Amino acid sequence: MSRVVLSIGSNLGDRLARLQSVVDRLGGSVRAISPVYETAAWGGVEQGPFLNAVVIAEDAALDGHGWLRCAQEMERAADRVRGQRWGPRTLDVDLISCYDDGTEVFSLGDGLTLPHPLAHLRAFVLVPWLAVDPDAQLTVAGGKRPVVKLLAELDPADRAGVRMTDLVLKPQAG
């Protein structure tokens, strides 16, 4: 069984609908959905705030590259345009970590980098992830680290900038 942690975000158009489109596309493979958070844009480009969430999904038919293709298909369906680095986007779907039968997948080639090389620096990834998996761990610099400790190492202003909303992503009925 392949398990993936996805960070999803949007700051253009109907942001919540864009995030919901990911949950809808993943359907019955969704195992957990974090609350929805609003955060200032990251990366130094002037733009509107993002809605962010984390989704954990499982699918025996997908490996790391399969999850990457799935993420890219969801972004294309949301009319994602890859222009300015860290610029505004209709939908961003990042693979944070992936596990194959419980073993973490590591990749540095073929367009796939796992685990995500910047996840440990992003409060907008770590806060929602901890909301659905308080025992989460992420491999950073070759060693497994508790996500709660990685979050504690970030600037307090970064952590405070991740604000929970009243918005809800709904899993597929049934």
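Is Arg145 buried, exposed or partly exposed, and at what relative accessibility? In this predicted model, Arg145 counts as partly exposed, because its relative accessibility is 25%. Arg145 also takes part in one of the salt bridges, of which the structure holds 9, and three of these pairs are described below together with the exposure of their partners.

**The pair Arg145 and Glu153**
- The side chains of Arg145 and Glu153 meet in a salt bridge, with a distance of 2.3 Å from N to O.
- Whereas Arg145 is partly exposed, its partner Glu153 is exposed, with a relative accessible area of 54%.

**The network around Arg31 and Glu58**
- Arg3, Arg31 and Glu58 are joined into one network by salt bridges that share partners.
- Within this group, the side chains of Arg31 and Glu58 form a salt bridge at 3.2 Å, N to O.
- Arg31 belongs to strand 2 (residues 30-33) and Glu58 to strand 4 (residues 50-58), so this pair ties together parts that lie 27 residues apart in sequence.
- Arg31 counts as partly exposed at 43% relative accessibility, whereas Glu58 is buried, with a relative accessible area of 19%.

**The pair Glu38 and Arg163**
- A further salt bridge brings together the side chains of Glu38 and Arg163, at 4.0 Å from N to O.
- This pair links distant parts of the chain, since Glu38 lies in strand 3 (residues 37-39) and Arg163 in strand 11 (residues 163-164), 125 residues apart.
- Glu38 is partly exposed, with a relative accessible area of 22%, and Arg163 is also partly exposed, with a relative accessible area of 40%.

Methods
Residues are numbered from 1 along each chain as its sequence is written. This is a predicted model: local features need pLDDT of at least 70, side-chain atom pairs count only at pLDDT 80 or more; totals for chains, interfaces and linings use all residues. Side-chain values use heavy atoms; hydrogens and water are left out. Helices (H or I, at least four residues) and strands (E, at least two) are DSSP runs, numbered from the N terminus. Buried means under 20% relative accessible area, exposed over 50%, partly exposed in between (1.4 Å probe, protein chains only).
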